[in-house]
Number of protein chains: 2
Amino acid sequence: MALRFIAFATIGASVSAATRDRSRVVLAAPAAPSRNRDSTGACRHDLPNYPLDEVRAHLSAKKGGHVWVTYKCGVYDVTEFIEQHPGGVKRIMLAAGGDIERFWKQFTLHDDDGVRDILERHRIGNVKDYKAPAADANGAASAEAQWAKEPERSPALVPLSKRPFNAETPEGVLDEYFTPNDMFFVRNHMPVPVIENPEGPNSTFCLQIEGEGIIPHCFPIGELKSMFPHRTVVNTIQCGGNRRSEMAAAYSEQGGAVKGLNWSNGGIGTASWTGVPIRDVINACRAPVTPSIKAGQRHILFEGADKDPAGNFNVSVPWETAMDQYGDAIVAFEMNGEPIPRDHGYPLRAIVPGTVGVRNCKWLQRIRVQPSESQSVWQQHDYKNFPPWQAKPDPSLPSVYAMPVQSSVTDASYDPGADALVAKGYAYAGGGNGIQRVDVSFDGGKTFEATASILPVPAGAMEKVTPKTMRDTWSWRQILLQHPTEEIRAKPQPCSEGGDGGASCYNVCFKATTDDQATQPSVAQYNFRGLLYNGYSCREVKVE
Amino acid sequence: MALRFIAFATIGASVSAATRDRSRVVLAAPAAPSRNRDSTGACRHDLPNYPLDEVRAHLSAKKGGHVWVTYKCGVYDVTEFIEQHPGGVKRIMLAAGGDIERFWKQFTLHDDDGVRDILERHRIGNVKDYKAPAADANGAASAEAQWAKEPERSPALVPLSKRPFNAETPEGVLDEYFTPNDMFFVRNHMPVPVIENPEGPNSTFCLQIEGEGIIPHCFPIGELKSMFPHRTVVNTIQCGGNRRSEMAAAYSEQGGAVKGLNWSNGGIGTASWTGVPIRDVINACRAPVTPSIKAGQRHILFEGADKDPAGNFNVSVPWETAMDQYGDAIVAFEMNGEPIPRDHGYPLRAIVPGTVGVRNCKWLQRIRVQPSESQSVWQQHDYKNFPPWQAKPDPSLPSVYAMPVQSSVTDASYDPGADALVAKGYAYAGGGNGIQRVDVSFDGGKTFEATASILPVPAGAMEKVTPKTMRDTWSWRQILLQHPTEEIRAKPQPCSEGGDGGASCYNVCFKATTDDQATQPSVAQYNFRGLLYNGYSCREVKVE
């Protein structure tokens, strides 16, 4: 893939309501041909037939070997694709030499025309003497069972995928400082684990602490709660793919496809989280420091109870981040004053303020101190800042921890009574960086002519925020613009929907600046995973 | 001034050798008419005459009053200009009702055609019965005396102004991690104070600690050195106006003048600084904390021995910044292992890593704890992130502490032996943010196609760097690109100098990204003071 991406071609592209169409997972360039369920894997007379024994012999790409898989009647040589598999080499190799369909039933993300199209490009033949299996009631029931205990979800969430469940915070509550639990965006990688009554007298659930320099101990939840001081932090969590749909739109004309769920601007939310400092829990288990681990070279791994055939979900953060001097990185058991809902990690979740969502491990069951990062796909293959020319995962790139300065317009309209443009939105930066200013453009980002208000944090919330420096913060801020149209009437923009008999249009954009003077780019640099999108956010407003 | 500035008009503007012409101070739009010494203040027959008593009565702009000044035969009503005076209201008001020339002799920055032009725009009349004074040998000698003891300076420095002395680090040493003391850029606001033999037996020099919650004490240097642990930090210092000339070039066509010294890319340098932690010095003087000062609402003021008629230089930083948990903010007495040179603050300098140059107060003689920021012009009128539509100082804007992510190409050439493009430069971010990656464009910033090497810190230097987190750093990194031209030969750019019979040109640009994923904008937003410029840095390379 030798495409080159023009970085600035779409300055001022208006984001219409259409970009909040979250009906499909983006997995291929929009113009690519696609296949439906029926044609993929159908027997083809123009291709050779291979007996299953021959397929099973193609197990490894090492030493010039090839990896084959089957899907229904189809035989596929996926050797070239292995390194590009978004889920990692380890997972795709589980199917080497065999049927890939059974894994796709578990990883239902693959139930997508784009995925089937990618598979079919690697078609080399048919399974000899292929017989379509009779409907396998047992197998289907087994695959179904793992999804049987998903939690109830609010119909207000904006779903992106069903299995695993992923959904956005509805846009209507993005202008509230605290996101209600039942409307908080959900990013699941696997089925939601079932951990029933973990504090009950018969529960075996405990949080395992282990690793280098640690005397291992498994803390029942009651012990965590009674042994350590409780700490409440207000923390914004943002998915690494928030606003991916806008990166897709910005680069689609140049063929810059992005892989992943088609997040609009609702892959973000804020809650107050109550728990105990990770620092205190680890310090309680520390042996005299082992000299083999140098300062500045430790990582803390978080393992969740969610798992797939390749193992449990796990990620890591640098030691210094988890051991936050203010105790703000916590093992949380409450979200907005209630037990953490199942979709958000019940009963325990790692909250590591300032880091990208994925590091805030849900269903936390293990914390390990180790000299290197997690080797999981979530750490090594994904959630990286990929250069624009890169089209596959690269474990040598550094992992993303903090996300760059971000803002989004969530609503923009004309108030005829006040003769004013009114726009709402949010601004946020990772790494504890505060928002200093949000500038506003009325011409799609070409010029900036006003500053929007950064709304005050609601009464009571500040008491939950650590008094660190005057400038640092872990949470977003809501933004409000009320601008008299008379000041800008001289420069109307053409309306994207065409002639409207006298109506003027304005393409209202936000651009946030942090206390460290970091700003948003007009259009964020392309990456094939559509991560870290923070280009200007714009909305067209029509003034009659 | 209702100009609007197009933010993205000059993407890919090539920076030729001409932009390193630092021969003049930029104080007006390039196209503005200018006046020379002889015509400014000359008597004019078309204007009324005012007796000096009438001039002296115009002392205040309050209650609708007017402020007049004289310059030679000229009378000027500067009422409208007072608020726009880059040096602040307080300073210009020193001359109210009187002769402004005697102040211009002290503040020699005013010896500039652009400044004289601004003055002449406010001309209202002539001094009645004006007699040109005989040459005032005493007055001239007095004005001259304050400059008589300026230090010797290396001819390698690239001067921007003589009085006060300001000069850039020569470009040839910007690709060295440690900047030699005698080639370190100099940013002086006033004459260099004369502090002779401050550690001698008869010296009265000491560092005064005072303010709220402090039991005052004045530390002789020997006491500082013996009482507190010594700390060495490697810290990059960057002037807030570094690369101002590039902002001027980017916006000149739209009339976007910038005020200030015409810094190219050499308003930056790195040294190892040795001293004692500010934290330790202040803690040694702390009374029980006064309840009137809340956590997160204290500032620490630094006062230098340099002064002008309005008072001593002073600036402040937030308490938490100066009280750095690692003790990295120091009262320094050594620079690169030697006593700090006079131009850099001899004998003591505040080193506050991660902050803009101006906060690192030279000739430090006083530290004060107080509930609010310094009220000096350097804190309240300048070194702010001014919005693009603003044309005068605004004390309500937040002060700049950390500077945004920055990079600069310092050399770019074609290596015919290796058939490769070779580019060198530096990358830096304030606030302790590390540089994660530097991407390279060959087409002036439209596309990015390669990653440059971040050169390792030289052996020995790391021992001087605090082991904070794995990611934080106070210092810049040198950047090196060696790129085979065969990979980019298909897409040559036109050479800016026109047809060269077969030569191809490439406009090589760097774009740095921090560990927190902050990136540089293509062109930084305009501000009238030309501060914080961090747009892409580009150099044209001709390949024969």
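## Strands, sheets and a buried helix in a predicted model

The buried residues of helix H7 in chain A are A:Arg244, A:Ser245, A:Glu246, A:Met247, A:Ala248, A:Ala250 and A:Tyr251. A residue is buried if 20 or more other C-beta atoms lie within 10 Å of its own, exposed if 12 or fewer, and partly exposed in between, with C-beta atoms placed from the backbone. Helix H7 covers residues 244-251 of chain A and is mostly covered, with 7 of its 8 residues buried.

The model is predicted: local features need pLDDT of at least 70, side-chain atom pairs count only at pLDDT 80 or more, and totals for chains, interfaces and linings use all residues. Residues are numbered from 1 along each chain as its sequence is written, while chains are lettered from A and ligands numbered from 1 in the order in which they are written.

Chain A holds 10 helices and 24 strands; these are DSSP runs numbered from the N terminus, helices being H or I of at least four residues and strands E of at least two. Of its 544 residues, 48% count as buried. Among contacts in chain A with a separation of 6 or more, 74% join residues 24 or more positions apart, a contact being two residues whose C-beta atoms, placed from the backbone, lie within 7 Å.

Two open sheets are described here, one in chain A and one in chain B. Two strands pair if DSSP finds at least two bridges between them.

| Chain | Strand order | Pairing |
|---|---|---|
| A | 7 strands: S18-S19-S22-S21-S20-S23-S24 | antiparallel |
| B | 4 strands: S1-S4-S3-S2 | mixed |

In the open sheet of 7 strands in chain A, strands S18 (406-415) and S24 (537-543) stand at the edges, each with a single partner strand, so one side of each is left without a neighbour in the sheet. The twist averages 30° from one strand to the next, with axes taken as lines fitted to C-alpha atoms (for helices over the stretch in contact) and angles running from 0 to 180 degrees between N-to-C directions. S18 of chain A pairs with strand S19 (residues 420-428) in the antiparallel sense over 9 bridges, and A:Asp415 stands opposite A:Ala420 in S19.

In the open sheet of 4 strands in chain B, the edge positions belong to S1 (49-50) and S2 (68-71), each with a single partner strand, so one side of each lacks a neighbour in the sheet. Strands S3 (residues 74-77) and S4 (residues 123-127) of chain B run antiparallel and are joined by 3 bridges. B:Val75 has B:Gly125 in S4 as its bridge partner.
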